[in-house]
Number of protein chains: 2
Amino acid sequence: MSRIDLREKVLNENDRIAGELRERFARKNALVLNFISSPGAGKTALLEQTLRWFPKKLKAATLTGDIETENDAERIAPYGFPVKQITTGGACHLDARMVERGLDELGADEYDVLFIENIGNLVCPSSFDLGEEAKIVLLSVTEGDDKPFKYPSTFVRADLLIINKIDLAPYVDFDMMKARKAARKVNPNIEILELSCKTGDGIKEWVHWIQKKVHLKRKAIAS
Amino acid sequence: MSRIDLREKVLNENDRIAGELRERFARKNALVLNFISSPGAGKTALLEQTLRWFPKKLKAATLTGDIETENDAERIAPYGFPVKQITTGGACHLDARMVERGLDELGADEYDVLFIENIGNLVCPSSFDLGEEAKIVLLSVTEGDDKPFKYPSTFVRADLLIINKIDLAPYVDFDMMKARKAARKVNPNIEILELSCKTGDGIKEWVHWIQKKVHLKRKAIAS
């Protein structure tokens, strides 16, 4: 079997398990969001802010991926929602099988929104469907406004781009309009939010985005 | 053939070509440095500063990897040294075969130092030997001081850690001592330099590091 055939086989098997996960999430009407970014773009910080301001009427749960440490789960746990760390032991992305196992170990079966924090890697995670409803790509202003062109596979598959660390914009050469245009050129349908996990700017709009998604989901099911 | 067997085969084949590259570099006494980092950590900016202040007596050449664009080669070309863009068309890392082809297309056979800028990815590139003398990992202060623990595969194989964007340190929660300790815990032999490509702080020491490496290499060959 060639390298390309094997890659096909791996992705097909992943798609099969992701399909099962998608059915599982549908049965509980859960909104599942898969967060992808470079290392250090602020995925965990965003989850901290999100859980801090999470709507009282909704239940959240989190699976957080890392190659080696349990640090992220330890940061997220104090917010009082179920969280399970998935350590990949070297793998550069989460796959559907890891999410399946993580869910079994999460020990919580009731959630309206499941957050999946992928490995910090702007390339590989985008190829692996995790049964999510939407991929969300984070880009911090310190990374540069050219990244959508340079790492298109993630931007093209994302429903939402979150531009993070806007508090640092005055200190770096980041052209917000250029970044937005680049993202829209790669993916004309992508939504874009700007925020800062440090100052809290834009967090309200982000939590509102989640609520709107949950609402639309329920409306679609009811109709 | 299983997935793991195939990975072994791919890496063995890569090692074979990397061995040939290493002999080729040895024949011309060239110092070859492989730069690895997250997207946006400043690899291209560092190359710009390096070529700007490159010692007059030495010749440099650059291979710069990207998934899709030719932007990096365009940024580096004005400094007057040979440069060739390698676009991987989706692949998340450079491999030895790509470097071999890039060298053939570089059209320059005389260089004392060859810089190879890998794809922005803190995980996958570290597995692929490119025949280099040293891997250099860049970490920007905006990514956080915990990254050596979270992405150990790159830090464990690097000879030098360059901590970049120190001009942004006052605006982010980055503990320099914690980062240095984490890197040394993962790799006790790693050297560490701190610099800012924006202000130029630390660039002199970095260029000196290159000169010292070239000098040691020539001394070893002469003896």
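This section describes aromatic contacts, backbone and helix features, and internal and surface spaces in a predicted model.

Aromatic contacts were considered across the whole structure, where a search yields 11 aromatic pairs over all chains. In chain B, the rings of Phe35(B) and Phe115(B) form a tilted pair, with a centre-to-centre distance of 5.9 Å and an angle of 45 degrees between the planes. Phe35(B) belongs to strand β1 (residues 31-37) of chain B and Phe115(B) to strand β4 (residues 113-120) of chain B, so that this pair ties together parts 80 residues apart in sequence. Phe35(B) counts as buried, because its relative accessibility of 1% falls under the 20% cut-off. Phe115(B) is likewise classed as buried, at a relative accessible area of 0%.

A further pair in chain B joins Phe54(B) and Phe81(B) in an edge-to-face arrangement, with 5.6 Å between the centres and 75 degrees between the planes. Phe54(B) is placed in the loop between α2 (43-52) and β2 (60-66) of chain B, and Phe81(B) in the loop between α3 (71-76) and β3 (83-87) of chain B; the pair therefore ties together parts that are 27 residues apart in sequence. The accessibility classes of the two partners are as follows: Phe54(B) is buried, with a relative accessible area of 4%, whereas Phe81(B), at 21%, counts as partly exposed. The value for Phe81(B) is not under 20% and not over 50%, which is why the residue is assigned to the class in between.

In chain A, one aromatic cluster is formed by Phe35(A), Phe54(A), Phe81(A), Phe115(A), Trp206(A) and Trp209(A). Chain A also contains a contact between a charge and a ring: the charged end of Lys28(A) sits over the ring of Tyr111(A), at 5.1 Å from the ring centre.

Backbone geometry draws attention to Lys165 in each chain. Lys165(A), although not a glycine, has a positive phi of about 65 degrees. This residue is found in the loop between β6 (160-164) and α7 (176-186) of chain A, and Lys165(A) is buried, with a relative accessible area of 12%. For Lys165(B), phi is near 65 degrees, again a positive value in a residue other than glycine. Lys165(B) is located in the loop between β6 (160-164) and α7 (176-186) of chain B and counts as buried at 12% relative accessibility.

The helix that follows this loop in chain A, α7(A), has a buried side. Its buried residues are Met176(A), Ala179(A), Arg180(A), Ala182(A), Ala183(A) and Val186(A). Viewed down the axis of α7(A), these buried residues fall within an arc of 160 degrees, so they line one face of the helix. Such a pattern can be read against helix geometry: an α-helix has 3.6 residues a turn, so residues three or four places apart point the same way. Exposed residues Met177(A), Lys181(A) and Lys185(A) are carried on the face of α7(A) turned away from its buried side.

Empty space was examined next. The count comes to 1 cavity of 30 Å³ or more. The largest cavity has a volume of about 60 Å³; it is lined by 15 residues, of which Thr142(A), Glu143(A), Pro39(B), Ser140(B) and Glu143(B) are the closest to its centre. The lining of the largest cavity divides into 4 nonpolar, 8 polar and 3 charged residues.

Among the pockets, the largest holds about 1,500 Å³ of space. Its lining comprises 47 residues, and Cys92(A), His93(A), Arg3(B), Arg7(B) and Cys92(B) lie nearest its centre. Two or more residues of this lining come from each of α1 (3-27) and α6 (152-157) of chain A, and from each of α1 (3-27) and α6 (152-157) of chain B. By residue class, the lining of the largest pocket contains 26 nonpolar, 11 polar and 10 charged residues.

The second largest pocket has a volume of about 820 Å³. Of its 40 lining residues, Ala45(A), Arg75(A), Glu143(B), Gly144(B) and Asp173(B) are the closest to its centre. Elements giving two or more residues to this lining are α2 (43-52), β2 (60-66) and α3 (71-76) of chain A, together with α5 (147-150) and α7 of chain B. The most is given by α2(A), with 6 residues. The lining of the second largest pocket divides into 12 nonpolar, 11 polar and 17 charged residues.

Key:
Residues numbered from 1 in each chain as written. Chains lettered and ligands numbered in written order. Predicted model: local features only at pLDDT ≥ 70, side-chain atom pairs only at ≥ 80, totals over all residues. Heavy atoms only, no water. Phe/Tyr/Trp six-rings, centres within 6.5 Å; stacked < 30°, edge-to-face > 60°. Helix = DSSP H or I, 4+ residues; strand = E, 2+ residues; numbered from the N terminus. Buried < 20%, exposed > 50% of the residue type's maximum accessible area, 1.4 Å probe, protein only. Lys NZ or Arg CZ within 6 Å of the ring centre and 35° of its normal. 1 Å grid on protein atoms, 1.4 Å probe; cavity = no way out; pocket = protein on both sides within 12 Å on 5 of 7 lines; lining within 4 Å. Points joined across faces, edges and corners; volume = space filled by probe spheres on them. Nonpolar A, V, L, I, M, F, W, Y, C, P; charged D, E, K, R; others polar. Arc of directions from axis to C-beta.
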